[in-house]
Amino acid sequence: FFFVSRTMPGIVAHPSRQLVTSASNIVIKIGSALLTTRGSHDGAFLKFANEVCSLRDEGRQVSLVSSGAISQGVSLMGLSGRPAGLATAQGLASVGQPALMNTWARAFAPTPVAQFLLSKYDLTNPVSFINARRALRALAERDVIPIGNENDTVATDEIKIGDNDTLGAAVAKIRGADLLVILTQVDGLYNGNPEEDSSAELIHTVLPEEIAHAESVAGDASSDGLGTGGFATKLQAVKLAYSAGIPVVIANGYTRNILNRVLSGEQIGTLFVPPEGTGGTQWLNNHWPVKGRLEVSEKAAERLCDRNTEHLWMEDVARVLGDFHRGDCVALGCNGKLLGRGLVGYDTEVIAQLKGLGSEKVLQSLGPKRYDFQVMDRADLVIYSEPH
């Protein structure tokens with residue numbers, strides 16, 4: 001994808017928003033309240049679809065996390081509000097999820113959309129993680145807009161306050177996004193309660209060392225209405241995004257052209273700046289235990305270190321050490337030096353059997369249904385600046 005950072009006419013990008021204007025792979029979380037109140041039901045979906053398509057016209061990749069399955073179920077069942085009880089909530093989610101996706105499909109037409117449902121297991125299990133990561137990447141390559149939600153129909157403890165805020169951050173981490181935008185009903189984080197204190201001011205930027213103070217002024221989570229998250233849960237999502245070096249903007253989804261204004265660099269909403277040295281795939285260094293090691297050929301090592309190759313293939317592997325499975329984090333080495341690490345696409349036994357073989361022989365052995373996974377994808381690799 002070719003990406004050009006653009007600024008809306010009349011808007012001068014604020015210097016602190018360079019992280020935002022340069023973003024090319026964005027996850028946007030839209031709260032259920034934004035889709036169910038203030039005017040036409042379909043009109044709210046159409047508003048966000050138009051803005052997302054505008055971002056895509058600039059060359060940006062966009063994935064959505066959309067709350068609203070349970071609230072859609074509430075509406076379709078003619079209920080006055082969200083009832084208590086886990087089983088009832090699960091049932092309402094199963095009623096509302098198809099309607100939610102149908103509404104999004106109408107709003108985005110003729111651009112295709114894809115539904116993906118995740119649970120906490122999918123986010124913590126290495127195999128599910130890498131499956132979701134590569135599936136979302138494949139959708140983006142085919143010009144499809146992925147729209148995710150928590151799998152509320154089978155969830156147990158996942159249906160709780162703030163789940164979709166956290167899900168938005170988790171999807172951003174899976175997707176390898178360089179920006180997460182959380183759209184809510186408020187303008188951002190204030191230094192006081194604006195409903196009680198007329199002097200309360202919007203905080204435009206929160207640096208990593210200020211996150212504790214931000215939590216102290218955020219207050220408690222809210223559980224009123226059809227949504228399930230207050231600002232405190234959004235800050236939990238910010239910290240999850242921080243672990244992957246992803247900046248977060250929290251802004252008011254009711255604001256006209258909010259996505260275009262945010263991505264143009266206007267100082268709107270609250271920007272949470274992640275710690276330095278955590279961007280890209282650097283989070284692999286700190287948050288994934290190494291389960292084994294692949295020794296690669298000198299030719300492969302040279303390509304990897306020069307960053308001139310997209311993937312690590314079977315023919316690049318010279319030796320397999322350790323016992324690991326698909327989705328695990330595995331170290332890369334050559335001639336006794338550590339080159340980096342990455343998420344592996346095959347189990348130990350498969351790589352040991354096929355190492356050193358070219359693509360044709362691997363294809364003959366595994367068959368076309370399996371040979372769509374590299375040993376390691378370039379996007380799942382961290383190569384150290386200096387081998388050691």
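This text walks through one open sheet and two nonpolar cores of a predicted model.

Start with the sheet. Five strands make it up, and the sheet is open. Their order is β11-β9-β12-β13-β15. The pairing is mixed. Strands of a sheet pair through backbone hydrogen bonds, either parallel or antiparallel. At the edges sit β11, residues 317-322, and β15, residues 381-383. Each of these two pairs on one side only. On average, neighbouring strands in this sheet are turned by 25° against each other, direction ignored.

Now take one pair from this sheet. β9 covers residues 290-296 and runs antiparallel to β11. Five bridges join β9 and β11. One residue match helps to place them: Leu294 has Val320 of β11 as its bridge partner.

Next, the largest nonpolar core. It holds 36 residues. Leu180, Leu189, Leu235, Val238, Val248 and Phe272 touch the most other members. Several elements give two or more residues to this core. The helices are α7 (126-141), α8 (163-175), α9 (211-218) and α10 (231-242). The strands are β3 (113-118), β5 (179-184) and β7 (248-252). The greatest share comes from α10, which gives six residues.

Look closer at Leu235. Which residues is Leu235 in contact with, leaving aside its neighbours within four places in sequence? They are Ile211, Ala214, Glu215, Ala218 and Phe272. Phe272, like Leu235, is among the core residues that touch the most other members.

Another core lies apart from this one. This second core has 34 residues, among them Leu35, Leu55, Ile147 and Val262.

Conventions. Residues numbered from 1 in each chain as written. Predicted model: local features only at pLDDT ≥ 70, side-chain atom pairs only at ≥ 80, totals over all residues. Heavy atoms only, no water. Pairing = 2+ DSSP bridges. Helix = DSSP H or I, 4+ residues; strand = E, 2+ residues; numbered from the N terminus. Axes fitted to C-alpha atoms, helices over the stretch in contact; angles between N-to-C directions. Core = buried A, V, L, I, M, F, W, Y, C linked by side-chain atoms within 4.5 Å. Buried < 20%, exposed > 50% of the residue type's maximum accessible area, 1.4 Å probe, protein only. Contact = heavy atoms within 4.5 Å.
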